[in-house]
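Here are my notes on this model, set out as numbered points so you can follow along in the viewer. Could you keep the structure open while you read?

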Amino acid sequence: MTAPVVRFTTAGQHTHGSVAPGIGDSGRRYTVIYDGHCKVCGRMVELLAKWDRKRELQIVPSQAPGVRARFPWIPERSYAESVQVIRNSDGKTWQAAAAIEELLKVMPKGKLISWLFKIPFARPLADRFYRWFARNRYRIGCSEHCAVRNADLDYADE
């Protein structure tokens, strides 16, 4: 039996990949993939690692060797646009604000905050804020890195 083929189109570019047989053999429930070049993102995942008392998260920079081979269904551009959260048991993947919402469900006391996503219009607002943050993260907290990084993350606010 062959694995199904997953196809994505991101910003007009087609990416191809088949689902990896051992979706996330990390021994953790979730894998969090972030932009390892972004200092703001680095600080965020440091906090996340501290909060992960049950050690349910494997936190990996998108630039780590083997990431794209391990998760071939995630388009390459998605790694630059937002954090990716993958449930290792089945490969279900969340990104951007939805990834934050999923992480809140996993973290101790995260449920104290995650209820906010149930408020009408909270999800669309969270998505908009996340897109704004992602577009501007290199100006917010990086220093010399910002000057050399091409911040070409354009999102169409819907």
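1. Let me start with a loop residue. F121 sits in the loop between helix 5 and helix 6. This is a predicted model, and in it phi of F121 is near 75°, a positive value in a residue other than glycine. The residue is exposed, with a relative accessible area of 66%.

2. K109 deserves a look alongside F121. It is found in the loop between helix 4 (96-106) and helix 5 (111-114), and its phi is positive too, about 65°, although K109 is not a glycine. K109 is exposed, with a relative accessible area of 65%. If you are checking backbone geometry, these two residues are good places to pause.

3. Is the next residue in that loop, G110, buried or exposed? G110, which also belongs to the loop between helix 4 and helix 5, is buried, with a relative accessible area of 3%. Its C-alpha atom is separated by 9.5 Å from that of W51, although the two residues are 59 apart along the chain.

4. Now a step back to the whole chain. The protein chain has 7 helices and 6 strands, and from the N terminus on its elements run β-β-β-α-β-α-α-β-β-α-α-α-α. Buried residues account for 41% of its 158 residues. Among contacts between residues at least 6 apart in sequence, 63% join residues at least 24 apart.

5. Next, the sheet. Its 4 strands form an open sheet in the order 4-3-5-6, with mixed pairing. Strand 4 (57-61) and strand 6 (93-95) are the edge strands, each pairing on one side only. From one strand to the next, the twist averages 20°.

6. Strand 5 makes a handy guide through the pairing. With strand 3 (residues 30-34), strand 5 (residues 84-87) pairs in the antiparallel sense over 4 bridges. Within that pairing, V32 has V85 as its bridge partner in strand 5, and T31 stands opposite I86. Strand 5 also pairs with strand 6 in the antiparallel sense, over 3 bridges, and here the bridge partner of V85 is W94 in strand 6. V85 is thus worth selecting in the viewer, as it is bridged to V32 and to W94. Strand 5 and strand 6 form a hairpin with 5 residues between them, and G91 in the turn has a positive phi of about 85°.

7. What does helix 4 touch on the sheet? Helix 4 packs on it with contacts to strand 3, strand 4, strand 5 and strand 6, and its direction makes about 115° with that of strand 6. Of the 11 residues of helix 4, 8 are buried, so the helix is largely enclosed by the rest of the structure. The buried residues are A96, A97, A99, E101, E102, L103, L104 and V106. You may want to look at E101 and E102 in particular, since both appear in that buried list.

8. Which residues touch the most other members of the largest nonpolar core? They are V32, L57 and V85, out of 22 residues in that core. Strand 3, helix 1, helix 4 and helix 6 are the elements that give two or more residues to it, and helix 4 gives the most, with 5 residues. Not counting residues up to four places away in sequence, V32 touches L48, L57, Q58, I59, V60, V83, Q84, V85 and L103. Apart from this core lies another one, of 8 residues, among them W73, I74, Y79 and I86.

9. Finally, a helix pair. Helix 1 (residues 39-51) and helix 6 (residues 122-140) pack at an angle of about 100°, with their axes 8 Å apart. That angle makes helix 1 roughly perpendicular to helix 6. At their contact, V40, C41 and M44 in helix 1 meet F133, R137 and I140 in helix 6. These residues divide into 5 nonpolar, no polar and 1 charged.

Conventions. Residues are numbered from 1 along each chain as its sequence is written. This is a predicted model: local features need pLDDT of at least 70, side-chain atom pairs count only at pLDDT 80 or more; totals for chains, interfaces and linings use all residues. Side-chain values use heavy atoms; hydrogens and water are left out. Axes are lines fitted to C-alpha atoms, for helices over the stretch in contact, and angles run from 0 to 180 degrees between N-to-C directions. Angles under 35 degrees count as roughly parallel, over 145 as roughly antiparallel, 65 to 115 as roughly perpendicular and the rest as oblique. Contact means heavy atoms within 4.5 Å. Ala, Val, Leu, Ile, Met, Phe, Trp, Tyr, Cys and Pro count as nonpolar, Asp, Glu, Lys and Arg as charged, and the others, Gly among them, as polar. Buried means under 20% relative accessible area, exposed over 50%, partly exposed in between (1.4 Å probe, protein chains only). Two strands pair if DSSP finds at least two bridges between them. A nonpolar core is a set of buried Ala, Val, Leu, Ile, Met, Phe, Trp, Tyr and Cys residues joined through side-chain atoms within 4.5 Å.
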